[in-house]
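This report is meant to be read with the sequence and the three-dimensional view side by side. Please have both open before going on.

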Amino acid sequence: MATPDKNGTPSLDSVSLAIIEQLQEDGRRPYAAIGKAVGLSEAAVRQRVQKLLDQGVMQIVAVTDPLTVGFRRQAMVGINVEGDLDPVADALTAMDEVEYVVVTAGSFDLLIEIVCEDDDHLLETINKRIRTLPGVRSTESFVYLKLRKQTYTWGTR
């Protein structure tokens, strides 16, 4: 099971890790098949999966190539912030176009991934919404030209 450690981070046992790996290979894999692979009943797998979802350890989602569903422009944006990062990160997290927000050490304070309908939408998002946030000092955009690999099957370590 996933029990929190002293930092509040869930500590996962080998069975929970094996369940996660099964779902990374195929998020639609039946609980009965997962149970057979990890040595649990279907009901026990269902219960563990729900707990992992409730604790925020994992999500089960359909991952798409944005280009195939009407989003023609993706970009990674590096952001430098003056002062506290949290209000800027919170504001970015609330934006529908922003899919990924990380606090970093290095050249940028924050890195975000944004998905937009087209170049005009990308420009409006960066220029009118991101750069105008209080505390944003500078941005640098890295526009994606082609998606070559997108995978979420890194397993558990």
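The paragraphs below treat the helices, then the salt bridges, then one strand residue and a surface patch.

The model is predicted, so local features are taken where pLDDT is at least 70 and side-chain atom pairs only at pLDDT 80 or more, while totals for chains, interfaces and linings use all residues. Residues are numbered from 1 along each chain as its sequence is written, and side-chain values use heavy atoms, with hydrogens and water left out.

**Helices and their buried faces**

Helices (H or I, at least four residues) and strands (E, at least two) are DSSP runs, numbered from the N terminus. A residue is called buried under 20% relative accessible area, exposed over 50%, and partly exposed in between, with a 1.4 Å probe and protein chains only. The expected span of a helix is 1.5 Å times one less than its number of residues, and an arc is that of the directions from the helix axis to the C-beta atoms.

Helix α1 has 12 residues, which should span 16 Å at 1.5 Å a residue, and this agrees with the 17 Å between its end C-alpha atoms. Its buried residues are S16, I19, I20, Q22 and L23. Because they cover an arc of only 160 degrees around the axis, they lie on the same side of α1. S14 and E25, on the other side of α1, are exposed.

In helix α2 (residues 31-38), the buried positions are I34, G35 and V38. Down the axis of α2 these fall within an arc of 100 degrees, so they line one face of the helix. That buried set packs against α1 and α3, where contact means heavy atoms within 4.5 Å. Just after α2, G39 has a positive phi of about 85 degrees.

Helix α5 also invites a check of its span: its 12 residues reach 15 Å from first C-alpha to last, close to the 16 Å expected at 1.5 Å a residue. H121, L122, T125, I126 and I130 are buried in α5. They occupy an arc of only 125 degrees around the axis, which places them on the same side of α5. The cover over the buried residues of α5 includes β3, α4 (85-93), β5 (110-116) and β6, whereas D120, L123 and K128 are exposed on the face turned away from the buried side.

**Salt bridges**

A salt bridge here is a side-chain nitrogen of Lys or Arg within 4 Å of a carboxyl oxygen of Asp or Glu. By this rule the model holds five salt bridges, among them those in the table.

| Pair | N to O distance |
|---|---|
| D13 and R48 | 3.0 Å |
| R46 and E42 | 2.8 Å |
| D119 and R73 | 2.6 Å |

The pair of D119 and R73 links distant parts of the chain, with D119 in helix α5 (residues 119-130) and R73 in strand β3 (residues 73-81), 46 residues apart. D119 is partly exposed at 46% relative accessibility, while R73 is buried at 19%.

Returning to the salt bridge between D13 and R48, this pair also joins distant parts of the chain: D13 is in the loop between β2 (10-12) and α1 (14-25), R48 is in helix α3 (residues 42-54), and 35 residues separate them. D13 is partly exposed at 26% relative accessibility, and R48 is buried at 13%.

R46 and E42, by contrast, are four residues apart in helix α3, and so are separated by about one helical turn. R46 is partly exposed at 42%, and E42 is partly exposed at 39%.

**A strand residue and a surface patch**

Where does N80 lie? N80 is in strand β3 and is buried at 14% relative accessibility. Apart from its neighbours within four places in sequence, N80 is in contact with S107, F108, D109, G135, V136, R137 and S138.

V61, V63, Y152 and W154 make a nonpolar surface patch of about 430 Å². Patches are made of residues with over 30% relative accessible area and no salt bridge, with like charges joined within 9 Å and nonpolar side chains (Val, Leu, Ile, Met, Phe, Trp, Tyr) within 5 Å; accessible areas come from the Shrake-Rupley method with a 1.4 Å probe, and for residues only the protein chains shown count as cover. Y152 is in the segment after β6 (136-143) and is partly exposed at 42%. W154 is in the segment after β6 and is exposed at 52%.
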